[in-house]
Amino acid sequence: MLDNSQRVRVAIVGSGGGTNARALCQYAQGDSVHYVVALIVSTKPGIGIVDVASDYGVPCCICGSKETFDKDLEAALREHSIDVVLLAGLMRQVSRDTIAAVKGNMLNIHPSLLPKHGGTGMYGIRVHRAVLEAGEKTTGATVHVVTDEYDQGRILAQQETDVHPGDTDALLQERVKAIEHVIYPQVVDKFCASLDLPSKTLEHGVKWAF
Ligand code: GRF
């Protein structure tokens, strides 16, 4: 059994219902999981992801201002000695400088089989609509490393599901989200297990260039 000081400290950052945040928090309850959810960052108060923080007793920071978003996010990550940042439905673009500072330790989940149906403007229900319009036979979810090229970072995992005749965008979204809730925690666990910290140094908070 790992105690919290041996686990990688992750922050979940989002702007929505927080179903992925909930799945990540729930998975982190396991004895041998390699991460602890040490911070939730929301871009708004009163939304689902904020409820997840209070349900799991995780510190929550509201970074509401568009103008100072990166500065506020960086300060929160530093304050909570965060090692890995997990985007989950974030409706803001993280700046090039912040992404560079995190040195590859920022992951995202996207509701399609990237590189298909990714990029600017491809989020939420729009993705599933595009999948239907393109007549795809399969769709799914992708976990990838965040880089400054939108949805183009190294793919860590993908899982497919069939598109059924008569599927609607809402049905697809529901089916893909069920996949997201399984793969995101598993991939994060593996990713964190593979990091060199904190077991060797017991020092948290990546030496980021903030
Ligand atoms: C998910 O579909 C995820 O793939 C995308 O944003 C959505 C977030 O949903 N990046 P939730 O807030 O986790 O329910």
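How far is an oxygen atom of the ligand from an N or O atom in the side chain of E180? In this predicted model, the distance is 3.0 Å. That contact is a good place to begin a walk around the binding site.

Stay with the ligand for a moment and look at its other polar partners. An N or O atom in the side chain of K177 lies 2.6 Å from an oxygen atom of the ligand. The backbone takes part as well: a polar backbone atom of I109 is 2.8 Å from a nitrogen atom of the ligand. On its own, the ligand has 370 Å² of accessible area, and the protein covers 87% of that.

Now widen the view to the shell around the ligand. Early in the chain you will find G16, G17, G18, T19 and N20 among its residues. Further along come G89, then I109, H110 and P111, and finally K177 and E180. Sorted by class, the shell holds two nonpolar, seven polar and two charged residues. Three elements each give two or more residues to this shell: helix α1 (19–27), strand β5 (106–110) and helix α6 (169–194).

What about the space itself? Rolling a probe the size of a water molecule over the atoms shows where empty space is left. The ligand takes up the space of the largest pocket, whose volume is about 860 Å³. Its lining is made of 38 residues, and those nearest the centre of the pocket are G89, L90, M91, N108 and Y123. G89 is worth a second look, since this residue also belongs to the shell around the ligand. The elements that give two or more residues to the pocket lining are α1, α4 (96–101), β5 and α6. By class, the lining contains 13 nonpolar, 18 polar and seven charged residues.

Before you leave, follow the chain out of β5 into the loop that leads to α5 (125–133), where P115 lies. The peptide bond from L114 to P115 is cis, with omega near 10 degrees. H117 is found in that loop between β5 and α5 too, and its backbone also deserves a glance: H117 has a positive phi of about 60 degrees, although this residue is not a glycine.

Definitions and conventions. Residues numbered from 1 in each chain as written. Predicted model: local features only at pLDDT ≥ 70, side-chain atom pairs only at ≥ 80, totals over all residues. Heavy atoms only, no water. Near = heavy atom within 4 Å. Polar contact = N/O pair within 3.5 Å; in protein donor to acceptor, adjacent residues only side chain to side chain. Areas by Shrake-Rupley, 256 points an atom, 1.4 Å probe, with all protein chains shown as cover. 1 Å grid on protein atoms, 1.4 Å probe; cavity = no way out; pocket = protein on both sides within 12 Å on 5 of 7 lines; lining within 4 Å. Sits in = over half its atoms within 2 Å of the grid points. Helix = DSSP H or I, 4+ residues; strand = E, 2+ residues; numbered from the N terminus. Nonpolar A, V, L, I, M, F, W, Y, C, P; charged D, E, K, R; others polar. Points joined across faces, edges and corners; volume = space filled by probe spheres on them.
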